[in-house]
Amino acid sequence: MSGTASGKEKHREGPIAGQLPAEIAAQGCLGAPIPEEYGGKGLDMRAWGRLCEAAGKISLARAGLYTVHGMVSRAILRWGTAAQRERWLPLMAKGKVIGAFALSEAQAGSDAGNVETAAARTGNSYSLTGVKKWVSFGEAAGVTLVIARTIEGLSAFLVEKDTPGLTCVTINGMLGMRESMLSELHLAQAIVPGENLLGAEGFGFSAVAQSALDFGRYSVAWASLGIARACLEETIALAAGSPGSRGNSLIEGALAEMAAEVEAAGLLCLKAGFSREHGDPASIRDACMAKYFASRTAMKCADDALRLSGLAGCSSGSPLERYFRDAKALEIIEGTSQVLEILIGSSSSFFRES
């Protein structure tokens, strides 16, 4: 597995994005969080975090693929039947099948209670109808974890790529995440076999999606750390190459602040990894805190780096310009900063420990 890339890859976006899943699959990274018994690498959570951090320094698309693929594989590992695990996890570990996660809709972003996609039982199958938005790597996915509403409530389904009635529409023109193959999934009475129900009816959000989002937040926290650290390193390099920066207290002060915030974000990520590895009940809160602080740090570091670099950093193709756009997305995906504030603030363990 490799978390590094050439400078050419480091700054690319756009038309070659479709090659990314195959490249990453060939490196073996997609199986990193999957247990060895299913053909994965079985990395512990802190090692997985470091991999996501390295990916974040390369591109948010790479980190995003690690995240959504991991969210689906971990959901299958935890909530799937033995048959589902045996079928999907070996393929996902080798990158032969890419996983995607479809929860959001036009009126159901932060509030999953507004999900309108419906799943009607028809014999031994389900008929899914609705539109899912902002699905990362939806075009590349061989299986998508779709949250839909049944009579019992929100439920989770493993929807295969060639399912009749499923159409994938590319989303273009996004501010950031431009390599992430963002898609809309249109489900028009798409027939999904009953054995593709993940978990029980009515447990799709409270159990399956929540555990997937928890893993996603943890992964995104580390990817945010990667972008923040990359911004700091780029800014230090720019300052080192500018004689006027030496001894400038304003620049040195900004760099010191960036460095301290990056280190603090790193410690929160490590704490979240440690608590996950040890089954600490506070691990969900720790992941929220790490994602909240690290994503805000990435945005602040990207903003500071652009101000210190001047117009050169705003140029198309500049790594800082891309980091800035991608950092904004990090404050939104897998729970906005405002949603995470609510989750952290409402945590009983948070008040008990304070």
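Leucine 198 makes a good entry point into this predicted model. Beyond its neighbours within four places in sequence, leucine 198 is in contact with Ala75, Ile76, Trp79, Gly80, Gln84, Leu145, Ala156, Phe157, Leu158 and Val208. Two of these partners, Ile76 and Leu145, return in the description of the nonpolar core, where they are listed with Leu198 among the residues that have the most contacts inside it.

That core, the largest in the model, has 84 residues. Alongside Ile76, Leu145 and Leu198, the residues with the most contacts inside it are Trp48, Tyr66, Phe101 and Cys231. Helix 6, which spans residues 204-240, gives the most to this core, with 17 residues. A second core, separate from this one, has 16 residues and includes Tyr126, Leu128, Val159 and Ala190. As general background, nonpolar side chains in soluble globular proteins tend to be buried together.

The aromatic residues offer a closer look at the interior. Four aromatic pairs are counted in the model. In one of them, tryptophan 48 and phenylalanine 215 are stacked, with 5.7 Å from centre to centre and 25° between the planes. This pair links distant parts of the chain, since tryptophan 48 belongs to helix 3 (residues 45-58) and phenylalanine 215 to helix 6, 167 residues apart. Tryptophan 48 counts as buried because its relative accessibility is 1%, under the 20% cut-off. Phenylalanine 215 likewise counts as buried, with a relative accessibility of 1%. Ring pairs also bring in Tyr66, so that Trp48, Tyr66 and Phe215 are linked into a cluster.

Helix 6 holds another aromatic pair, tyrosine 218 and tryptophan 222, which lie four residues apart, about one turn of the helix. Their ring centres are 6.4 Å apart and their planes meet at 75°, so this pair is edge-to-face. In an α-helix there are 3.6 residues a turn, so residues three or four places apart point the same way. Tyrosine 218 is buried, with a relative accessible area of 0%, and tryptophan 222 is buried with a value of 0% as well.

Tyrosine 218 has a further partner in arginine 276, which lies over the face of the tyrosine ring at 5.3 Å from its centre. Elsewhere, lysine 133 lies over the face of tryptophan 134, at 5.1 Å from the ring centre.

Helix 7 (residues 249-277) has 29 residues and reaches 42 Å from its first C-alpha to its last, close to the 42 Å expected at 1.5 Å a residue. Glycine 279 follows this helix and has a positive phi, near 65°.

Helix 8 (residues 283-309) contains tyrosine 292. Leaving out residues up to four places away in sequence, tyrosine 292 touches Ser337, Leu340, Glu341 and Ile344. The C-alpha atoms of tyrosine 292 and leucine 340 are separated by 6.4 Å, although the two residues are 48 apart along the chain.

Finally, the cysteines: how many disulfides does the model contain? The count comes to zero. Cysteine 231, listed above among the residues with the most contacts inside the largest core, is in no disulfide. The nearest cysteine sulfur to that of cysteine 231 belongs to cysteine 301, 6.3 Å away, whereas a disulfide would require the sulfur atoms to be within 2.5 Å. Cysteine 231 counts as buried because its relative accessibility is 0%, and cysteine 288 is also buried, with a relative accessible area of 3%.

Note on methods
Residues numbered from 1 in each chain as written. Predicted model: local features only at pLDDT ≥ 70, side-chain atom pairs only at ≥ 80, totals over all residues. Heavy atoms only, no water. Helix = DSSP H or I, 4+ residues; strand = E, 2+ residues; numbered from the N terminus. Contact = heavy atoms within 4.5 Å. Core = buried A, V, L, I, M, F, W, Y, C linked by side-chain atoms within 4.5 Å. Buried < 20%, exposed > 50% of the residue type's maximum accessible area, 1.4 Å probe, protein only. Expected span 1.5 Å × (residues − 1). Phe/Tyr/Trp six-rings, centres within 6.5 Å; stacked < 30°, edge-to-face > 60°. Lys NZ or Arg CZ within 6 Å of the ring centre and 35° of its normal.
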